[in-house]
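Here is a short report on a protein model and its bound ligands. It covers ligand shells, the chain interface and salt bridges.

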Amino acid sequence: MNIIVCLKQILDPLIPVRDFRIDPELRAAVQGSASLVTNIFCENALETALQLRERAGGKITVLAFGAPSAEDSLRKALAMKADDAVLVVNDGNVHPDPMAVARVLAAAIRKIGAFDLVMLGRESGDWGAGQTGGLLAEELGVASVSFVDAIEVADGESHLKLHLKRQTDTGWERVAAPTPLVVTVTNDEHNVPRIPKTRDVMMSYRQPLAKWTLDELGIDAAAVRAGGDYYRVVDLSIPVRETKCELVSGDSLEDKVSDLAARILQVTRAM
Amino acid sequence: MDHSEATREVLWNIGNVWLMYLMFAVSAGVAAYGLYIRIARWRRGREAVRFDRPAERLRLLLRHAAAQGRTVRERQAAIFHTFIYTGFIILTIATTVVLIEHDFGIPVMRGAFYLYFQSFIVDVFGALVLVGVLIAAVRRLFVKPKKLVYTDEALWILTAIFAIAVTGFLIEGWRIAATRDPWGSWSPLGYMVAQISSSVMSEGAMRTAHLIGWWTHAALVFGFIAWAPYTKMAHVVFGPLNIYTASLEPIGAALRPIDFEKAEVLGVKALSGFTWKDLADFDACTECGRCTSVCPANTVGKTLSPRDLILDLRALLHRAPIKRNANGADGGASEDVFDLPIVGVVESASPESLWACTTCAACVEACPVFIEQMPKIVDLRRYLVMEEADFPDTMQEAVTSLESRGHPFRGATASRVDWADGLNVKTINEARDAEVLLWVGCGGALIERNQKVVRATAQLLEKAGVRFAILGREEKCTGDPARRIGNEFLFEMLAKENAERLNNYGVKKIVTSCPHCFNTFRNEYPQFGGSYEVYHHSEYLARLVDEGRIRPVTADERSITFHDPCYLGRHNGVFDAPRKLVQIASRRGVVEMEQSRATSFCCGGGGGMSFIEEPKDKRVNQERARQILATGADLVAVGCPFCLTMLEDGVNARRGERDVRVMDVAEILWQSMNSENTEQTKDYGTNGKKPGD
Ligand code: SF4
Ligand code: SF4
């Protein structure tokens, strides 16, 4: 089975609240001293892929579209024992919209070659749009299943080769699907990303890693560099939470209660 | 009588003396072979430099082998071991005297020396050996301390020594009686035997008994010499050798770097991963069990036992051939035991045990023959972590967080500079001329309770007029938890990165309130390009007090005990500075716990154990809390962010018994500067300007 796992490098979501800043001009988070990490759902996807390969054999290619630093995410994936890695270097807008990303990924996947399964995280921990998976399937012209947490390869000759378990609001569903297929993966106790062995981490730095430019992919590179036109972030701000403390007054308990009631009325009316 | 004529006939009554020489030759040969095969196995180990600095080594040898420095720390053992040990030495000297007299023909066994030494002193020390053996036997058979290993071998050794001593006195007595030795009364025990024997035996009977007794004694002695190297008695040779070749560095410097370019296996997978010194350690073990009896993990009922680890590895070593097994490499019939994976084969090296070690090094400190148990545990952890990626989940989280965020506390909500809110603390980037770098540490910066400690320290430094600065957001974990957990690779990366940053800022002097950071900077960074003058905050503050730059004005009325952080005390020998701070800040001085200073008991937080949830009924911090409560103190002073957290949890869990507060020495000192100085124990505002903003 040929599996392609797409990985996104994002700003560490566990950054201390007080270190989190926004650049109002760029309408984007400021990295500051925070680190960059692989989006957790992408790692869940990779872990699911690694387990699938252990059972069904095949090859895993990891693919990222991002800044040169995204190489770290790919190296880590290699350390976790992915077979090949491809980085499409983003030299344009740091936060292209999901459609632009899907176009880039689709072009890169076509360039990588035949595949049975493309796996992505269900959404990214920075913007949380959750759109890239579906759009990518559209671009590639194949079916997609979202919120998957387990995949099995069916025995026998059925064309519905993959049996998938997907999480829903009320529980879970089991579906069967043909290949090629795009799935987005969500987290589950069984796909907690493995810790790579140090030996493999060391080896990962010696493994080849393909770096492609946008211009090599045969797409409208200029549109991607501009960030796409699928949607636009109009405003971005950190919610300000205000807490005020007022003391209820009154001599007797009754006075206090009626004062409290009056204040509650006041506040709710104002809202 | 003229004392100068005193002597006796050597080998009186003994014919066929050649037989004795033959027995001696055979026994020496067998013994030598016993020593040889052990040493030959060590030679299969990796390199270690342990014969440098002979003067220091000799001093160590005198103090701990000759003077039994550590052995005598324990009362029972001190008595019986001193008796047997000194007796052996005196008797060996006496035998050598006989050899010089008889075989070299030099008349030394004469006169006053013969009477005082060769007769009287030898008899007395022979008697002490008997007493020593009896005490040891009573201890083994009736007292039964938990720390001992109960083997038949140990009992046979005692029996053999006992028999040798008894036969020695019997033949001495029979000789005195049969020869009517005029100097006989100089050997009190032999004389006693002579008196009794001559009243019940004829002279002829005594001659015969002497002859038989003499050969029995000889057979026992030579048999014992031949057998000893194959038993734990080998410690007579290997103990002193092990002390001579012990590490001369502080315990805190015990872990070795790995050459990642060359290492075939990361960490120790099999015996072949150990150095010859590690292997020699196994053979030197006396089975005394002190290491296990002081091990905090073992004390609270966990499976870890450093003694068993050493003994099991010794047993494994003894199964290994002395040369590489030719079949082994290509998977032939008999695999070389030297290559057998230790974890999984050796019972006491189970992951459960290995992941219970706090790296407190109480074991290392307790061992009378200077065996280094703790670094071996870390060596085995290294293999599990780096080659197998097999370690507890919560530790994995800490390691992952270290990798991506530079601190081990996943989910920490504070930033590196929140603690300094409202204080005038500058980053080194803003204050390039700072004389001291205050290294805050992850615990100090990110754990709320510990922020108050750093705050107190910073305020004290400011008050003393010290020009100091912090790295602020640029600070990253020193790598200590990564190293103790066994991820040497990550440690090396962090160490190099930090050292480079500190060097770029031209940092010379570092003060830190975390003993783990302190130890890492002081003992470990020099190997990675970072050499600094490093002080624990207690040392630095004590100096400021000495110089009169800090003047405490009020004295704490409470009764205070002090908990020695392992990485400050035992690992680096800093015991007095923190005590001094308590002393000057309190009216009543320090109440010591039952275990303190070098033999202090761990809080349970070192070695990555802070990142593991211990079973409720087996918590090291609760045992330490028990010791704290037993002192009756109202306050326990600490000098480490991990100790602070662990001990607060520990005493809180025992809150029903009595309320005890836990405070860092810096907080206590700060409070004593001014009775108003309780600011740091209150919550502080969050609007102040932070350094680096
Ligand atoms: S270092 Fe401490 S916890 Fe580890 S084995 Fe030795 S005594 Fe036990
Ligand atoms: S390792 Fe040292 S302390 Fe432990 S049992 Fe052996 S000799 Fe005793």
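Helices α14 (362-366) and α15 (373-387) of chain B each supply at least two residues of the shell around ligand 1. Helices here are DSSP runs (H or I, at least four residues), strands likewise (E, at least two), numbered from the N terminus. A residue belongs near a ligand if one of its heavy atoms lies within 4 Å of it. This is a predicted model: local features need pLDDT of at least 70, side-chain atom pairs count only at pLDDT 80 or more, and totals for chains, interfaces and linings use all residues. Residues are numbered from 1 along each chain as its sequence is written, chains are lettered from A and ligands numbered from 1 in the order in which they are written, and side-chain values use heavy atoms, with hydrogens and water left out.

The two ligand shells are set out below. Ala, Val, Leu, Ile, Met, Phe, Trp, Tyr, Cys and Pro count as nonpolar, Asp, Glu, Lys and Arg as charged, and the others, Gly among them, as polar.

| Ligand | Shell | Closest residues | Classes |
|---|---|---|---|
| ligand 1 | 13 residues | B:Cys295, B:Cys357, B:Cys360, B:Ala361, B:Cys363 | 11 nonpolar, two polar, no charged |
| ligand 2 | 13 residues | B:Cys285, B:Cys288, B:Gly289, B:Cys291, B:Cys367 | seven nonpolar, three polar, three charged |

Next, the interface. 18 residues of chain A are in contact (heavy atoms within 4.5 Å) with 29 residues of chain B. About 1,900 Å² is buried between chain A and chain B, and carbon and sulfur atoms give 51% of that. Buried area is the accessible area (1.4 Å probe) that two parts lose on being put together, summed over both. In chain A, A:Arg18, A:Ile195 and A:Arg199 lose the most area to chain B, together 33% of what that side buries.

Five salt bridges link chain A and chain B. A salt bridge puts a side-chain nitrogen of Lys or Arg within 4 Å of a carboxyl oxygen of Asp or Glu. A:Arg18 pairs in this way with B:Asp421, with the closest N and O atoms 3.2 Å apart. Helix α5 (residues 198-204) gives the most to the side of chain A that touches chain B: four residues. That side divides into eight nonpolar, three polar and seven charged residues.

Over all chains, the structure holds 72 salt bridges. One of them joins B:Arg501 and B:Glu474, the closest N and O atoms being 3.7 Å apart. This pair links distant parts of the chain, 27 residues apart. B:Arg501 sits in helix α20 (residues 488-504) of chain B, and B:Glu474 in the loop between β2 (468-469) and α19 (480-485).
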